[in-house]
Amino acid sequence: MLAETICSAASAAGLGIAAIAAYRKRFLAATRIAAYALVPVGLVLTGVVEWVSGIAFKPEVWVGFGLLGLSWLLFMTTRAVERRTGGTRKERRAARREEVAPQASAPPLGAGSPAAAQPKRSRPEAQPKAGGAGEDFSDIEAILKKHGI
């Protein structure tokens, strides 16, 4: 009963403000204010206010909300741990199989094998090019010139 009275008073106040806005020739604003002012009365007449007030004062409902919050917290904790460890159990097993498979299929290199006698050669991609940095900046300079900077 108290909630219905408060909603009715809020609607009456909103309609009064809408009337003042209409008096000042601000009809669009007055219509919008009147629409907002009618919402509380509509909620009272549909029974939503009574339903919400019935929920708000029952301890079982608050325990339910607490359990929902706890379950959400547990889900988020498991997701955070899963991201740190690298995924689900299936993903970790698949990653282990991929790591083990190439090593197992490669032949062992001993001291007498020809591959062990040859020194490792560095790849040409691994060595930085002297003109590589200039090429990157030339693209940037072209873009800046295009925009007049």
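Colleague: What percentage of the 149 residues in the chain is buried?
Modeller: Keep in mind that this is a predicted model. Buried here means under 20% relative accessible area. Of the 149 residues in the chain, the buried share comes to 7%.

Colleague: And what secondary structure does the chain have, helices or strands?
Modeller: Reading along the sequence, you get α-α-α-α-α-α-α. The strand count is zero, and the helix count is seven. So the answer, going by DSSP runs, is helices.

Colleague: What should the 22 residues of helix H1 span, end to end?
Modeller: H1 covers residues 2-23, and each residue is worth 1.5 Å. The expected span uses one less than the number of residues. The end C-alpha atoms of H1 sit 32 Å apart, which agrees with the expected 32 Å.

Colleague: Where do the buried residues of H1 fall, seen down the helix axis?
Modeller: The buried ones are Cys7, Ser11, Gly14, Ala18 and Ala21. Seen down the axis, they stay within an arc of 75°, so they line one face of the helix.

Colleague: Which helices do those buried H1 residues pack against?
Modeller: Leu2, Ile6 and Tyr23 lie on the other side of H1 and are exposed. The buried residues of H1, by contrast, have packing partners at 27-46 and 48-56. Those partners are helix H2 and helix H3.

Colleague: Which residue just after H1 takes a positive phi?
Modeller: H1 takes in residues 2-23. Just after H1 there's a phi of about 65°, and the residue with that positive value is Lys25.

Definitions and conventions: Residues numbered from 1 in each chain as written. Predicted model: local features only at pLDDT ≥ 70, side-chain atom pairs only at ≥ 80, totals over all residues. Heavy atoms only, no water. Helix = DSSP H or I, 4+ residues; strand = E, 2+ residues; numbered from the N terminus. Buried < 20%, exposed > 50% of the residue type's maximum accessible area, 1.4 Å probe, protein only. Arc of directions from axis to C-beta. Contact = heavy atoms within 4.5 Å.
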